[in-house]
Amino acid sequence: MKLSPREADGYFAKPDPGKTGILIYGADAMRVSLKRQQVLAALLGPGAEEEMRLSRLPGSDLRKDPAQLLDAVKAVGFFPGVRAVFVEGANDTATPAITAALEEWQPGDAQIVVTAGQLKASSKLRKAFEGHSNAYAVGIYDDPPSRAEIERILGEAGIRDVPGDSMSALTDIANDIGPGDFSRMIEKLALYKHGDSSPLSLEDIGAVAPQSTEAALDDVLNVVAEGRSAEIGPLIRRLQAQGTNAVTLCIGATRHFRTLYTIASAPGGPAQGIGQLRPPLYGKRRDRMLRQAQNWGANRLETALTLITDTDLALRSAGQTAPALALMERALIRLAMLGRAR
């Protein structure tokens with residue numbers, strides 16, 4: 001059977017020990033791994049490893065020795081409680097062994113938990129689970145985490161008093177960084193708040209939030225595109241401290257303003273232009289880029305791209321003597337001022 005994303009969230013939190021098994025697949029290995037950890041923890045409870053109620057098998061081994069999966073599923077444990085066999089990194093070459101185990105499974109056997117990378121709809125492994133009456137298949141996609149998912153992660157870390165502004169900040173961070181980085185950030189936040197019963201504040205979040213180079217670069221480019229020239233200097237200093245050079249910043253500016261020009265110059269208008277972008281933009285980032293393109297217009301964006309190209313040539317010139325980052329900062333300030341002009 002196939003579970004929708006909404007149904008899957010409920011099942012991961014409270015899996016049915018009477019089911020034969022579950023396939024969790026997706027392109028992002030970290031997202032798949034986190035969901036697998038969640039479902040196994042909820043299914044088996046604490047102490048599963050120590051009590052030998054969890055067996056692990058690499059998916060690649062099943063092609064050479066397919067019988068080992070069924071043997072593990074049928075094995076009788078020394079300790080009472082639900083058992084599971086976890087098959088990691090399976091693909092269609094492991095399908096015969098997994099299909100045989102699904103068919104031979106009986107109540108009381110270990111539940112079969114399988115993870116895989118991105119699988120097409122025609123995948124034999126997907127079909128084996130989707131066509132089974134007592135097993136589930138769940139696709140994990142690169143969608144931003146829902147509020148309920150963020151609340152679950154916070155609750156597991158013991159963080160429960162979260163005001164609205166702090167939740168909004170956490171949602172923005174979760175949308176900007178990967179799920180693994182977000183989970184690690186919440187672990188740090190829990191340690192930071194240990195013994196502190198006050199509500200979670202923005203200052204608390206700021207103390208542990210990751211400051212990635214990519215996020216900082218996006219910050220400065222958005223500030224430039226929105227005409228906030230006074231904020232450019234401090235953001236440049238932050239990028240400089242992280243080792244970002246002027247050429248990298250110039251390349252980022254070129255990419256950002258080319259995207260804005262593509263949106264603004266579409267024959268059907270910016271709304272059509274942003275809908276045609278590949279890869280597509282989603283959520284708040286989509287709204288922000290659309291608003292920037294509408295504010296600039298195609299003509300001023302052409303001027304902006306010319307300014308950036310001239311700066312790029314100056315940075316790469318053998319006769320350039322001015323500090324490169326100062327030259328780039330001046331160009332970004334000129335861009336911001338151009339963005340404010342009417």
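# Briefing: buried sites, cores and salt bridges

Glu-329 is buried, with a relative accessible area of 15%, a value under the 20% cut-off for that class. The model is predicted. Glu-329 belongs to the buried residues of helix α16, and its side chain meets that of Arg-237 in a salt bridge. The points below cover the salt bridges, the nonpolar cores, two helices and one buried loop residue.

**Salt bridges**

- The structure contains 16 salt bridges.
- In the pair formed by Arg-237 and Glu-329, the N to O distance is 2.8 Å.
- Arg-237 sits in helix α12 and Glu-329 in helix α16, so this pair ties together parts that lie 92 residues apart in sequence.
- Arg-237 has a relative accessibility of 39% and therefore counts as partly exposed, whereas Glu-329 is buried.
- Lys-35 and Asp-9 form a salt bridge through their side chains, at 3.9 Å from N to O.
- This pair links distant parts of the chain, with Lys-35 in helix α2 (residues 29-44) and Asp-9 in helix α1, 26 residues apart.
- Lys-35 is buried at 12% relative accessibility, while Asp-9 is partly exposed at 35%.
- Lys-35 and Asp-9 also belong to a network of salt bridges that includes Glu-149, Arg-152 and Glu-156.
- A further salt bridge joins the side chains of Arg-228 and Glu-231, at 2.9 Å from N to O.
- Both partners are partly exposed: Arg-228 has a relative accessibility of 30%, and Glu-231 has a relative accessible area of 35%.

**Nonpolar cores**

- In soluble globular proteins, nonpolar side chains tend to be buried together.
- The largest nonpolar core here has 39 residues, of which Val-220, Ile-232, Leu-249, Phe-257, Met-328, Leu-332 and Leu-335 touch the most other members.
- Helices α11 (213-225), α12 (232-241), α13 (246-264), α15 (283-316) and α16 each contribute at least two residues to this core.
- The biggest contribution comes from α15, which gives 10 residues.
- Leu-335 is in contact with Val-224, Phe-257, Trp-296, Ala-304, Leu-307 and Ile-308, leaving aside residues up to four places away in sequence.
- A second core, separate from the one above, has 26 residues, among them Ile-112, Val-114, Phe-129 and Ala-135.

**Helices α13 and α16**

- The 17 residues of α16 (residues 324-340) should span 24 Å at 1.5 Å a residue, and the end C-alpha atoms, 25 Å apart, agree with this.
- Besides Glu-329, the buried residues of α16 are Leu-325, Leu-327, Met-328, Ala-331, Leu-332, Leu-335, Ala-336 and Gly-339.
- For the 19 residues of α13, the expected span at 1.5 Å a residue is 27 Å, in agreement with end C-alpha atoms that are 27 Å apart.
- Buried positions in α13 include Leu-249, Cys-250, Thr-254, His-256, Phe-257, Leu-260 and Ile-263.
- The N-terminal end of α13 is capped by Asn-245, with a side-chain oxygen 3.2 Å from the backbone nitrogen of Val-247.

**Thr-20**

- Thr-20 is placed in the loop between α1 (5-13) and β1 (21-25).
- Its relative accessible area is 2%, so Thr-20 is buried.
- Leaving aside residues up to four places away in sequence, Thr-20 touches Leu-102, Trp-105, Ala-110, Gln-111, Ile-112, His-132, Asn-134 and Ala-135.
- Of these contacts, Ile-112 and Ala-135 are included in the second core.

Definitions and conventions. Residues numbered from 1 in each chain as written. Predicted model: local features only at pLDDT ≥ 70, side-chain atom pairs only at ≥ 80, totals over all residues. Heavy atoms only, no water. Helix = DSSP H or I, 4+ residues; strand = E, 2+ residues; numbered from the N terminus. Expected span 1.5 Å × (residues − 1). Buried < 20%, exposed > 50% of the residue type's maximum accessible area, 1.4 Å probe, protein only. Contact = heavy atoms within 4.5 Å. Core = buried A, V, L, I, M, F, W, Y, C linked by side-chain atoms within 4.5 Å. Polar contact = N/O pair within 3.5 Å; in protein donor to acceptor, adjacent residues only side chain to side chain. Salt bridge = Lys/Arg side-chain N within 4 Å of Asp/Glu carboxyl O.
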